[in-house]
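Here's a quick briefing for anyone about to poke around in this one. Take a look at the model, then read on for a helix and a couple of pockets.

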Protein chains: 2
Amino acid sequence: MTYFCGMYEKKIPVELECGLHVFMEVISGKWKINLIWCIHSGIIRPGELHRRIPRASRRLLDTQLAQLTSLGIITKTVFSQKPAKVEYALTPLGKSLIPVIAVTAKWGEANRPLLEPLLQLPTPTLVQ
Amino acid sequence: MTYFCGMYEKKIPVELECGLHVFMEVISGKWKINLIWCIHSGIIRPGELHRRIPRASRRLLDTQLAQLTSLGIITKTVFSQKPAKVEYALTPLGKSLIPVIAVTAKWGEANRPLLEPLLQLPTPTLVQ
DNA sequence: TCCTATAGGGCTGAATTTAGCCGTACTTGA
DNA sequence: TCAAGTACGGCTAAATTCAGCCCTATAGGA
């Protein structure tokens with residue numbers, strides 16, 4: 001099992017105090033929820049996924065797919081044909097995530113009119 | 001209204017394609033869900049919050065509280081006493097977030113036994 | 001006077017994530 | 001032969017977030 005440039009060992013310990021953090025650790029990553037949702041919708045091959053999420057680089061999509069795979073959210077099946085063919089699928093754990101994501105998405109859509117303009121604005125921050 | 005070191009204008013546009021992203025933009029930040037949950041539980045003053053979340057720096061807690069305030073998730077009331085006194089409270093929008101957070105936390109707790117060990121492991125990544 | 005508590009900010013550097021370029025190897029179809 | 005598709009990885013630099021130190025000012029109590 002090859003994993004891109006490498007594996008990265010965190011230097012700051014992961015925060016898992018409560019279930020909230022567990023959930024966040026799993027889905028944080030710019031395109032992970034899209035990927036999960038696409039796979040759930042039947043978009044299961046790397047190329048298809050990239051066409052569906054064109055704003056992301058193939059590079060990053062591959063990495064985040066690998067992260068989801070290493071957490072047991074999705075599985076990756078490699079068909080040893082020429083040319084190679086790859087398919088992703090949700091595991092039972094991944095499927096259990098679907099209704100949770102649906103709830104959060106519903107909240108986001110309901111409050112989009114309010115929040116979208118605010119989220120474009122500059123944010124309070126530490127730097128500068 | 002003073003906002004710490006400054007306001008930061010993002011150079012990479014925010015992703016708000018679907019409700020999932022709206023939700024993620026609101027709560028991503030290392031301690032935001034803790035802060036929201038604590039305020040919901042009646043921990044409403046900066047000092048109390050810091051004692052409740054001691055692993056976070058006061059600095060970062062203040063910043064994330066300011067971010068939540070600027071999005072209308074919480075309100076900040078400054079009592080002009082000596083010494084000053086500050087209280088936070090959830091807005092209706094913030095309160096609407098509570099059941100959503102509860103759902104995600106429930107999922108996280110249910111799958112903690114499975115995921116906690118995996119999340120400690122090195123992650124597939126681009127660098128190195 | 002000194003220690004504590006209240007609330008807030010300046011500053012530096014590290015850690016982490018993302019963007020975006022390029023190249024490999026193979027196969028099919030025009 | 002050439003373009004386009006399949007899938008994968010090397011590499012650099014930017015963007016973004018976070019850690020952790022320092023400081024101010026006020027007031028109360030020992």
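**A bent helix and two pockets**

Helix α5 of chain A (residues 92-120) runs for 29 residues, yet its end C-alpha atoms sit only 36 Å apart, short of the 42 Å that a straight helix would reach at 1.5 Å a residue. Keep in mind that this is a predicted model.

**The bend**
- At A:Arg112, α5(A) bends by about 75°.
- A proline, A:Pro113, follows within four residues of that bend.

**The largest pocket**
- This pocket holds about 840 Å³ of space.
- Its lining counts 32 residues, and those nearest the centre are B:Lys10, B:Val14, B:Met24, B:Glu25 and B:Ser28.
- Both chains chip in: α5 and β4 (123-125) of chain A, and α1 (19-27) and α4 (58-70) of chain B, each give two or more residues to the lining.
- The top contributor is α4(B), with five residues.
- By residue class, the lining splits into 14 nonpolar, 12 polar and six charged.

**The second largest pocket**
- Here the volume comes to about 640 Å³.
- A total of 26 residues line this pocket, with A:Lys10, A:Val14, A:Met24, A:Glu25 and A:Ser28 closest to its centre.
- Elements giving two or more residues to this lining are β1 (6-8), α1 (19-27) and α4 (58-70) from chain A, plus α6 (112-120) and β4 (123-125) from chain B.
- Its lining breaks down into 13 nonpolar, eight polar and five charged residues.

Terms used
Residues numbered from 1 in each chain as written. Chains lettered and ligands numbered in written order. Predicted model: local features only at pLDDT ≥ 70, side-chain atom pairs only at ≥ 80, totals over all residues. Heavy atoms only, no water. Expected span 1.5 Å × (residues − 1). Bend = angle between axes of the 7 residues up to and from the residue. 1 Å grid on protein atoms, 1.4 Å probe; cavity = no way out; pocket = protein on both sides within 12 Å on 5 of 7 lines; lining within 4 Å. Points joined across faces, edges and corners; volume = space filled by probe spheres on them. Nonpolar A, V, L, I, M, F, W, Y, C, P; charged D, E, K, R; others polar.
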